[in-house]
Amino acid sequence: MAVTATAAAGAVTALCLAAAPAAAAPTGTTAARPGDACTAADLGTRHPYVKTTEVSPTITHFKGWYVTEGTTGQQTVSTDTTTVISVSVGLNDTIETSFAVEALSDVKATVGLDVKLEYTSTSEESNSVTWNLTQPGYYGFYKGTKKVTGTYGSLNCNRAQQDDGSWALKWTEGPGSGSFTTFTTLEEGAVRCQDSVPADSIMARAQALLDCGSAAAKADHPAGAVAPTAKQKPDRPAPHQAPTAGTPAEQPTATGHSTRAALDCSTEAYKIAVPGKPLSWGAPLLADDGVRLRPSSIFSAHLDNWRLCNVTEQDGVLEASLWNWGNGGCATVAEQNASTERAVLMTVPCAEDDLQRFYIYRDVPGSPKIGVQNKYTGSMMGYDRYADGEFIRQYSSGRQDGTGTFDLTAV
């Protein structure tokens with residue numbers, strides 16, 4: 001591979017400016033908002049924040065039912081499914097990652113409702129409604145919920161220059177935004193046209209489905225089920241499809257690995273090390289192995305040396321491919337594991353592929369501390385424990401104990 005110095009090297013050298021570090025006040029990780037202060041330990045973390053929300057009462061199951069004199073009392077009715085609501089964050093409906101769970105927890109706090117924090121669907125609920133009826137008439141048996149939808153953003157800790165020229169670490173909006181859907185516990189009941197109900201309630205939505213002004217609602221019927229009106233037969237939603245693995249809605253598109261990329265790399269090589277300790281990222285010799293924490297020595301054969309290639313910078317955040325001097329490959333998350341929490345960082349032949357691109361969040365000038373985020377998956381790089389041979393892995397929200405913060409030092 002041709003390794004050439006480019007103007008991008010200028011952006012890389014800015015990583016090691018000689019200014020004195022500025023102190024940053026700590027902040028609560030679960031309530032981070034744009035502009036809040038963060039610390040160097042937060043460089044390897046990521047948090048969602050809720051941008052917009054909308055709450056709408058929704059009927060999920062419904063059945064028209066006619067009750068005559070002599071048929072009052074407790075009735076059990078099997079309703080028809082009218083609307084299917086599924087919990088999702090982006091296109092990820094497994095809700096297994098810490099980022100998705102934290103996003104839904106923020107939604108719960110924002111709207112003040114007890115919403116679902118895990119994947120489920122209203123179609124999984126029983127459609128049976130049991131209710132005690134004391135008056136004859138035309139009833140709507142229903143199940144309903146409050147559907148909560150909206151959008152979220154993604155926050156990363158990065159350095160920002162103040163009005164007086166000093167630097168500080170702040171939570172800034174980074175890549176990774178999308179929409180969410182969740183809902184509250186299902187409510188069930190029975191309602192008549194003449195019943196007085198709260199406006200914009202689930203019961204009011206059910207009463208509207210009765211279509212009280214229609215001839216069907218006013219006609220006499222034998223006791224039991226009433227054929228659904230046009231209002232009660234909305235278009236059925238398409239069956240819920242699970243997303244294909246590794247393609248979050250808010251992330252760039254991955255491309256194939258068929259073409260080896262000609263990279264413009266910095267002349268300077270770097271170690272990506274655990275701050276204050278001897279272990280650093282070491283690339284594998286074997287293709288099926290991953291990047292591990294390894295000690296650096298004269299026997300490392302440059303497997304612990306990385307160059308930053310095709311470097312760009314936007315809003316103070318670097319984007320680069322990480323080329324390993326020892327094995328000639330680029331760091332990546334395997335495409336089949338892109339949506340997997342704790343997937344191992346690998347090296348493969350370099351290509352034009354967002355799985356091989358990484359955002360680098362930096363401490364204030366004078367400090368080598370950084371956080372590393374995969375562009376395609378949005379996950380932060382870290383490790384489970386500090387040990388020789390421990391894999392570097394991806395974590396959707398990063399490692400909250402600070403083990404996702406590394407030192408980027410020139411060698």
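Student: Among contacts in the protein chain between residues at least 6 apart in sequence, what share joins residues at least 24 apart?

Tutor: A contact means heavy atoms within 4.5 Å. Here, of the contacts between residues at least 6 apart in sequence, 70% join residues at least 24 apart. Keep in mind that this is a predicted model, where local features need pLDDT of at least 70, side-chain atom pairs count only at pLDDT 80 or more, and totals for chains, interfaces and linings use all residues. Residues are numbered from 1 along each chain as its sequence is written, and side-chain values use heavy atoms, with hydrogens and water left out.

Student: How many helices and strands does the protein chain have?

Tutor: Both are DSSP runs numbered from the N terminus: helices are H or I with at least four residues, strands are E with at least two. This chain has 4 helices and 21 strands.

Student: And how do I read burial: is Thr-377 buried or exposed?

Tutor: Buried means under 20% relative accessible area, exposed over 50%, and partly exposed in between, using a 1.4 Å probe and protein chains only. Thr-377 has a relative accessible area of 9%, so it counts as buried. You'll find Thr-377 in the loop between β18 (369-374) and β19 (380-382). A polar atom of its side chain lies 3.2 Å from the backbone nitrogen of Ser-379. Across the chain, buried residues make up 50% of the 411 residues.

Student: What about empty space: how many cavities of 30 Å³ or more does a search of the whole structure find?

Tutor: On a 1 Å grid over the protein atoms alone, a cavity is a set of points where a 1.4 Å probe fits but cannot get out; a pocket is an open set with protein on both sides within 12 Å along at least five of seven lines, and lining residues have an atom within 4 Å of a point. Grid points are joined across faces, edges and corners, and a volume is the space filled by probe spheres set on the points. The search finds 1 cavity, with a volume of about 60 Å³. Its lining includes Phe-62, Asp-80 and Gln-232, and strand β1 (residues 46-67) gives the most, with 3 residues.

Student: Which residues lie nearest the centre of the second largest pocket?

Tutor: Those are Glu-173, Pro-175, Gln-314, Asp-315 and Val-317, out of 14 lining residues. β7 (167-183), β13 (306-314), β14 (317-324) and β17 (357-362) each give two or more residues to that lining, and β7 gives the most, with 4. The pocket's volume is about 240 Å³.

Key: Polar contact = N/O pair within 3.5 Å; in protein donor to acceptor, adjacent residues only side chain to side chain.
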